[in-house]
Amino acid sequence: MALSVDKNLMSYPRNMPQPAPLAMPEQDFSAAPQVSRAARNKRDPLWRIAVFVPALVTTGLMIWAFHGLFEPSGMTTLEYFLLALIGLTFVWVTLAVSTVTVGLLGRLEAEEKTAQAAPLDVALLVPVYNETPWDVFGNAEAMLNDLAHQTGGHRYSLFVLSDTRDDAIAAQEWQAFEALQAIAPFPVYYRRRDDNIDRKVGNLLDWVTGWGAAYESMLVLDADSLMTGRAIDRLACELAADPQSGLIQSFPQLIGAGTLFARMQQFSNVAYGWLLAEGLAHWARTEGNYWGHNAIIRTRAFASSAGLPHLRSLTGRKDLILSHDFVEASLLRRAGWRVRFLPRVSGSFEETPGTLIDYVLRDNRWCRGNLQHLRLLTTRGLHPVSRFHLFQGAAAYLMSPAWFVLLVFWALLGRDSETNVISYFNEANPLFPNWPPAMTHIDSAVFLVVMYAMLLAPKITSAGIIIAHAKAVKLFGGRRSFTIAVVLELVLSVAYAPIMMIQQTRAVLRSLFGRGSGWQPQQRDARAYPFSTLVKFHWIETVLGVLLLVGLTAGLVSWWLLPIMASLILAVPLSALSATTSHILRLDNPLTLREPTIVARARTARADLRKQIEDPEVETSEIPAE
């Protein structure tokens with residue numbers, strides 16, 4: 001049962017060290033700071049040329065090919081719009097392929113050995129908001145115990161920074177804190193803010209300005225983060241050895257996958273993500289990005305250069321920068337600090353949503369923040385690569401409505417010139433083009449094959465590399481097991497992609513009209529939603545799927561849209577399938593076949609702590625107030 005505590009004592013529960021204030025001024029986006037630039041490698045531009053030039057050339061060839069189809073009948077405004085739309089969607093596909101290629105080449109480079117440097121004082125920060133206390137503190141216990149066996153010499157302290165609004169959860173947090181503090185091999189602290197101003201941004205600001213001066217670096221974790229002691233120590237050693245680095249990001253792998261959808265995400269992350277991550281690290285170089293967790297940051301660099309102001313909306317309202325991590329990385333680089341990404345640091349983990357609905361709900365929260373990046377592209381002094389990261393974050397969501405519009409155009413084109421729906425309106429509205437007869441269902445099918453081939457190329461390349469290496473494929477249970485898993489993951493990805501396209505299009509429209517989702521904690525425990533919830537959540541996809549089916553049966557829509565129609569019309573059952581825990585659809589990977597030791601220890605620690613908190617015989621303690 002929950003610990004009972006007088007609500008009057010819940011205002012400022014904390015057990016913190018002596019204050020060590022550190023100023024963190026808001027940055028001026030209209031004026032670039034005067035700084036000395038961080039050292040660069042002469043090969044940095046070559047890696048970027050290897051990524052962007054092939055992508056742009058390939059996209060240009062695609063646009064030229066379609067221009068050749070449209071041009072014989074004369075180009076119109078609508079046709080130019082369609083060409084631009086094709087280019088905008090296709091370029092991101094080619095960039096992914098180029099990134100994988102660079103990752104493959106970069107993988108051949110030997111990893112540089114970390115130089116020896118003086119140990120650091122490192123604060124492990126865990127911001128929480130209405131999370132399950134035994135999960136947060138159980139993970140922390142496993143990390144600290146593993147960290148105690150490292151020999152890097154760094155000095156660690158753990159801070160759980162609570163923004164929890166639920167008093168019952170806060171009471172459990174305090175009991176979990178006391179239990180961890182009694183056994184932890186390092187200092188453990190806890191602070192609950194009275195008012196969660198500015199969410200996570202304000203939470204970290206409160207720590208920096210209150211205690212940041214006492215710690216040379218801070219390793220920011222999420223409530224579901226889990227890292228081995230070796231990974232934490234490695235990041236600390238890297239930061240200590242590189243005085244020009246302001247932030248070093250690790251590559252988190254996904255854990256806690258018990259459902260089909262979570263396993264699909266986990267398998268994709270383990271089997272394919274490593275090559276994309278390697279490519280990103282090679283072309284981004286010292287202009288990397290930040291994902292908000294599992295990264296180590298130089299405290300004074302962050303305080304002096306990454307203070308975020310509020311954005312002024314068109315109506316004069318002050319808006320908090322929601323996707324703050326991308327912006328903070330850009331500001332660190334603007335101030336001359338190196339921002340690095342180390343995908344080869346193993347032992348960094350996070351959880352993933354268990355169902356399609358949970359994934360969409362989290363994605364909707366991210367959408368509004370990423371679209372804010374468009375308003376920050378004019379920030380003075382940003383490095384061009386940092387600007388690209390900001391733009392890419394917004395484009396990741398804007399591509400869904402772009403794909404949707406492109407899909408609508410292709411549906412209206414019909415199977416051939418006789419069934420071209422658009423051409424029916426030519427006499428009434430001459431603004432619509434007379435689509436060339438060359439745009440037949442054969443051409444559409446070829447376009448579909450080419451597009452899917454490019455979309456799946458990064459996954460197929462990664463899978464091919466693993467299959468070709470006996471040791472690597474053995475980690476996945478052998479070639480047969482791995483091949484079956486790859487095929488299943490590809491089929492599921494293709495099936496869920498149209499649903500995600502519609503959901504992200506809705507999220508973009510909601511964000512543009514100021515109807516973004518509120519700040520709610522992520523659903524950590526996967527659960528199957530009732531049928532009524534599934535229908536309410538996916539009714540738009542279902543209706544669109546039915547409309548496509550009507551068009552197909554009436555002979556007005558090309559049959560190449562059949563896979564997309566099937567996904568949309570089956571959105572409800574596919575969403576229900578995402579929550580299945582069937583052993584047959586398990587998608588085995590190295591993290592499920594050989595569970596990392598740290599994951600097993602964290603699970604045990606969480607279970608033990610839960611029993612201790614819920615046991616009515618456990619003696620409760622009073623929470624002090626300041």
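What share of the 626 residues in the protein chain is buried? Buried residues make up 55% of them. The model is a predicted one.

**Overall make-up**

The protein chain holds 20 helices and 13 strands. Its exposed surface is about 27500 Å², and carbon and sulfur atoms supply 60% of that area. Among contacts with a separation of 6 or more, 85% join residues 24 or more positions apart.

**The sheet**

An open sheet is built from 8 strands. Their order is 1-4-3-2-5-9-7-12, with mixed pairing. Strand 1 and strand 12 are the edges, and each pairs on one side only. Strand 2 and strand 3 run parallel to each other and share 8 bridges. One of the bridge partners is known by name: P127 is matched with L161 in strand 3.

| Strand | Residues |
|---|---|
| Strand 1 (edge) | residues 14–15 |
| Strand 2 | residues 121–128 |
| Strand 3 | residues 155–162 |
| Strand 12 (edge) | residues 338–342 |

**The cores**

Nonpolar side chains tend to be buried together in soluble globular proteins. Here the largest nonpolar core has 80 residues. L124, F137, L158, L219, F267 and F482 touch the most other members. Helix 15, residues 479–512, gives the most to this core, with 9 residues.

F137 deserves a look. Leaving aside residues up to four places away in sequence, F137 touches V160, E173, A176, F177, L180, Y190 and L609.

A second core is separate and has 39 residues. L78, V385, V557 and M565 are among them.

Definitions and conventions
Residues are numbered from 1 along each chain as its sequence is written. This is a predicted model: local features need pLDDT of at least 70, side-chain atom pairs count only at pLDDT 80 or more; totals for chains, interfaces and linings use all residues. Side-chain values use heavy atoms; hydrogens and water are left out. Helices (H or I, at least four residues) and strands (E, at least two) are DSSP runs, numbered from the N terminus. Buried means under 20% relative accessible area, exposed over 50%, partly exposed in between (1.4 Å probe, protein chains only). Contact means heavy atoms within 4.5 Å. Accessible areas come from the Shrake-Rupley method with a 1.4 Å probe; for residues, only the protein chains shown count as cover. Two strands pair if DSSP finds at least two bridges between them. A nonpolar core is a set of buried Ala, Val, Leu, Ile, Met, Phe, Trp, Tyr and Cys residues joined through side-chain atoms within 4.5 Å.
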